[in-house]
Amino acid sequence: MTVQFIRGEVISFKDDPFLCGSESAIVHEEDGLICIEDGKIKAFGSYSEIKGMIPADASITHYKDSIICPGFIDGHVHYPQIQMIGAFGEHLLDWLNKYTFPTESNFADKSYADDVAKRFLKKLIGAGTTTAAVYCTVHPQSVDAFFEESSRWNTRMVAGKVLMDRNAPEWLLDTAQSAYDDSKRLAGKWHHAGRQLYCVTPRFAPSCSDEQLELAGQLLKEQTDQPLFMQTHLDENVDEIAWVKQLFPGSKNYLDVYDKAGLVGPRSIFGHGVHCDEDEFHVLHEKGAGICHCPTSNNFLGSGLFKAFVAKDEKRPVRVGLGTDLGAGTSFSQLSTLNEAYKVSELNNTKLDAVHAFYLATRGGAELLYLEDTIGSIAPGMEADITVLDCGHDEFTQWRMGYANDLNERLFILMCLGNERNVKSTYVYGRCVYDRDRAEPFQYP
Ligand code: GUN
Ligand code: ZN
């Protein structure tokens, strides 16, 4: 049994600020103490109140001039696309054909996939992200490569093999049956293997036949004891939506294509949802499914402005998390992603304050994944995935921060000026696997 203590200023969330307001949602300890035992948070409170539980010989790591928060959760990201971040000049459908499909074909080679998975997880952890919902490629070995590396870090990850049996180059297609068989086998191997979780991953409706979507739905239905996750893309781009209408004339809207196949329910994560209509929001709410907001990607591909406050309408609130959507997204950092989310909210004539923003990157992501009792906040019983943010790398940001009047202003400056360089340390299941200032910053647990 190992017990350790982390002391410093801590923020966390106990509720959804979109629904109950910022004040009631946030937990803030100016001088907090977190007690971690065997990977989980055993106690959390103000240092003065709970310091009595510290044994005389205990180790305490005290982070000064920092903000300690739950590890970030990236609700939508493609690890195989990190070699093509910043590919110039196309909107979604041409971008897929010109850059994405050729890049993903490299993952037929397991050793290539191993190398990219290693790079990806280091970058993610270095950005303070401890959980992500990850698209692999159509190749089963890309899934093994990813989960093998995630198991080495002991990160809680949700991932799956991409299903695509049409409308892409021949050499990148599976079949409805092989996709079902491979997904079932991979889920048997990886779902709840340690902290790993399996996600059935139809790429998007245009790349999946009716039969493939049906079989994906069947796989979800078969697995009831430990339900699988489901992720796909929804309402990202207007040309994509028009194409879906053509391909599925019998469906009343884009979401309905997935709904008919049994793919809309709890643990269904829909990337983007930029152009969702009221009917779709209503069904997402009713069925308990969620949307992942991917602002850097939506801006990069010119896809449009996701209306987070409409999605969160208190009459039928939809679960919403925050995603980088690399490699259409342009940053591994959830701070940079929030910076972009703020600008999107301004263009929508709404106000995404720092509390709403940090909620989206932490507990909001956990709620999207139905893991809010496991990760995404700092509270007793939670898995100890923790990120320590500071301005230590940057004299200018430190100086700017000196003019902040309160916590909200400091968090807002962090998300507007900050990025992965503001991540001092990342804890995964209670182990400090990344420390920016250590001789060897990254260490497997
Ligand atoms: N829609 C289908 N595939 C993709 C993808 O790889 N990235 C994005 N952003 N949208 C998609
Ligand atoms: Zn995506």
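Helix 4, residues 92–105, gives the most to the shell around ligand 1, contributing 3 residues. Keep in mind as you look around that this is a predicted model. From the ligand we can step out to the annotated domain, and then to two helices worth a visit.

**Around ligand 1**
- The surroundings of ligand 1 are made up of His78, Leu92, Leu96, Thr100, Arg203, Phe204, His233, Glu236, Ser297, Asp325 and Ala328.
- Sorted by character, the shell around ligand 1 has 4 nonpolar, 4 polar and 3 charged residues.

**The annotated domain**
- An unreviewed UniProt entry places the feature "domain: Amidohydrolase-related" at residues 67–432.
- Across residues 67–432, helix accounts for 43% of the chain and strand for 17%.
- The end C-alpha atoms of that stretch, residues 67–432, are 16 Å apart.

**Helix 8**
- Helix 8 covers residues 210–222, and its 13 residues should span 18 Å because each residue adds 1.5 Å and the span counts one less than the number of residues.
- The end C-alpha atoms of helix 8 are indeed 18 Å apart, which agrees with that expectation.
- Buried residues in helix 8 are Gln212, Leu213, Leu215, Ala216, Gly217, Leu219 and Leu220.
- The cover over these buried residues of helix 8 includes helix 7 (176–190), along with strand 9 (162–163), strand 10 (197–202) and strand 11 (229–234).

**Helix 15**
- Helix 15, at residues 354–361, is mostly covered, with 8 of its 8 residues buried.
- Those buried residues of helix 15 are Ala354, Val355, His356, Ala357, Phe358, Tyr359, Leu360 and Ala361.

Terms used
Residues are numbered from 1 along each chain as its sequence is written. Chains are lettered from A and ligands numbered from 1 in the order in which they are written. This is a predicted model: local features need pLDDT of at least 70, side-chain atom pairs count only at pLDDT 80 or more; totals for chains, interfaces and linings use all residues. A residue is near a molecule or strand if its C-beta atom, placed from the backbone, lies within 6 Å of it. Helices (H or I, at least four residues) and strands (E, at least two) are DSSP runs, numbered from the N terminus. Ala, Val, Leu, Ile, Met, Phe, Trp, Tyr, Cys and Pro count as nonpolar, Asp, Glu, Lys and Arg as charged, and the others, Gly among them, as polar. UniProt positions are given in the numbering used here, feature names are shortened, and annotations may be inferred rather than shown by experiment. A residue is buried if 20 or more other C-beta atoms lie within 10 Å of its own, exposed if 12 or fewer, and partly exposed in between; C-beta atoms are placed from the backbone. Two residues are in contact if their C-beta atoms, placed from the backbone, lie within 7 Å.
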